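Work through the exercises below with the coordinates loaded. Each task is followed by a solution in steps.

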Amino acid sequence: MATGTPPTRERQHPVLPVEEFTAGLPKHVVSASLLLADPRGRVLMLHQAQPYPGHPRWWQPPGGLADPGERPDGTALRELAEETGLVPARALRLLAVDHRGAAGGWPPVIDFCFDAGVLPAGTAVVLSAEHDRAAWRTPADWQPHLQPEQRAWFAAVSRSPGTGGVLYLHDGLEQSGTARPAPGSAGDPAPEPPS
């Protein structure tokens with residue numbers, strides 16, 4: 001018969017100080033954008049005046065990177081005001097969450113896209129120095145103006161307002177249903193009973 005105290009989970013895995021534990025966690029960037037339409041169903045996009053690291057000058061919806069501690073909806077509203085001088089007429093509704101893997105020197109990005117509703121016809125857009133043009137086009141009319149890596153993402157999020165749901169995207173591509181753990185992993189759901 002063995003003597004002594006059996007090992008406990010705490011003895012096998014000591015609890016680390018918060019700073020040490022969090023230093024080893026993966027780093028992600030949070031960004032947020034929004035779709036804003038006019039009464040004719042055209043979507044506002046902005047053209048970058050200068051490229052930013054790893055990206056060409058391209059058309060994009062109002063949005064950008066979150067400030068430290070900023071909520072994604074706050075990021076979208078702040079960026080809209082900074083980039084266009086606009087304020088949406090109603091509360092934002094989440095359209096999509098896109099997890100983009102690390103690429104081109106960027107860490108993984110978690111991007112939130114919101115529906116900002118419809119602005120009255122003739123609403124003026126006041127551009128910041130970050131952008132050199134603004135335009136309103138239908139989602140289909142935007143496709144030839146987008147970079148190849150933007151097209152699937154934009155098609156998915158521009159369809160989403162009519163669904164009432166929230167899309168989950170990975171690297172801009174629509175994912176069907178909810179992501180499921182790999183079979184046999186600790187998070188593997190119990191098998192469904194036969195029907």
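**Exercise 1.** The charged end of which residue sits over the ring of Trp142? Find the distance to the ring centre, then look for a second ring under the charge.

Solution. The model is a predicted one.
Step 1: The residue is Arg137, whose charged end is 4.5 Å from the centre of the Trp142 ring.
Step 2: Arg137 also lies over the face of Trp59, where the distance to the ring centre is 5.5 Å.

**Exercise 2.** What is the geometry of the aromatic pair formed by Trp59 and Trp142? Place both rings in the chain and classify their burial.

Solution.
Step 1: The count of aromatic pairs comes to one.
Step 2: In the pair of Trp59 and Trp142, the centres are 5.0 Å apart and the planes make an angle of 55 degrees, so the pair is classed as tilted.
Step 3: Trp59 belongs to strand S3 (residues 59–60) and Trp142 to helix H4 (residues 139–142); with these positions 83 residues apart, the pair links distant parts of the chain.
Step 4: The cut-off for buried is under 20% relative accessible area. Trp59 has 8% relative accessibility and therefore counts as buried. Trp142, at 0%, is buried as well.

**Exercise 3.** Which residues have the most contacts inside the largest nonpolar core? Trace the elements that supply this core, and list the contacts of Trp142.

Solution.
Step 1: The core has 16 residues, and those with the most contacts inside it are Leu35, Ala96, Cys113, Trp142, Phe154, Val157 and Leu169.
Step 2: At least two residues each come from strand S2 (43–48), strand S5 (93–100), helix H5 (148–159) and strand S8 (167–170). H5 gives the most, with four residues.
Step 3: Leaving out neighbours within four places in sequence, Trp142 touches Val43, Met45, Trp59, Ala135, Trp136, Arg137 and Phe154.
Step 4: Another core, of twelve residues, lies apart from the largest one; Leu46, Ala76, Phe112 and Ala116 are among its members.

**Exercise 4.** How many salt bridges does the count come to? Examine three of them and identify a network.

Solution.
Step 1: The count is twelve.
Step 2: Arg78 and Glu70 meet at 2.8 Å, N to O; Glu70 is partly exposed at 21%.
Step 3: Arg100 pairs with Asp98, with 3.1 Å between the closest N and O atoms. Asp98 is buried at 1%, whereas Arg100 is partly exposed at 30%.
Step 4: Arg133 and Asp132 meet at 3.8 Å, N to O. Arg133 is partly exposed at 41%, and Asp132 is partly exposed at 35%.
Step 5: Shared partners join Asp67, Glu70, Arg78, Glu79 and Glu82 into one network of salt bridges.

Technical notes:
Residues are numbered from 1 along each chain as its sequence is written. This is a predicted model: local features need pLDDT of at least 70, side-chain atom pairs count only at pLDDT 80 or more; totals for chains, interfaces and linings use all residues. Side-chain values use heavy atoms; hydrogens and water are left out. A nonpolar core is a set of buried Ala, Val, Leu, Ile, Met, Phe, Trp, Tyr and Cys residues joined through side-chain atoms within 4.5 Å. Buried means under 20% relative accessible area, exposed over 50%, partly exposed in between (1.4 Å probe, protein chains only). Contact means heavy atoms within 4.5 Å. Rings of Phe, Tyr and Trp (its six-membered ring) pair if their centres lie within 6.5 Å; planes under 30 degrees apart count as stacked, over 60 as edge-to-face and the rest as tilted. A charge sits over a ring if NZ of Lys or CZ of Arg is within 6 Å of the ring centre and within 35 degrees of the ring normal. A salt bridge is a side-chain nitrogen of Lys or Arg within 4 Å of a carboxyl oxygen of Asp or Glu.
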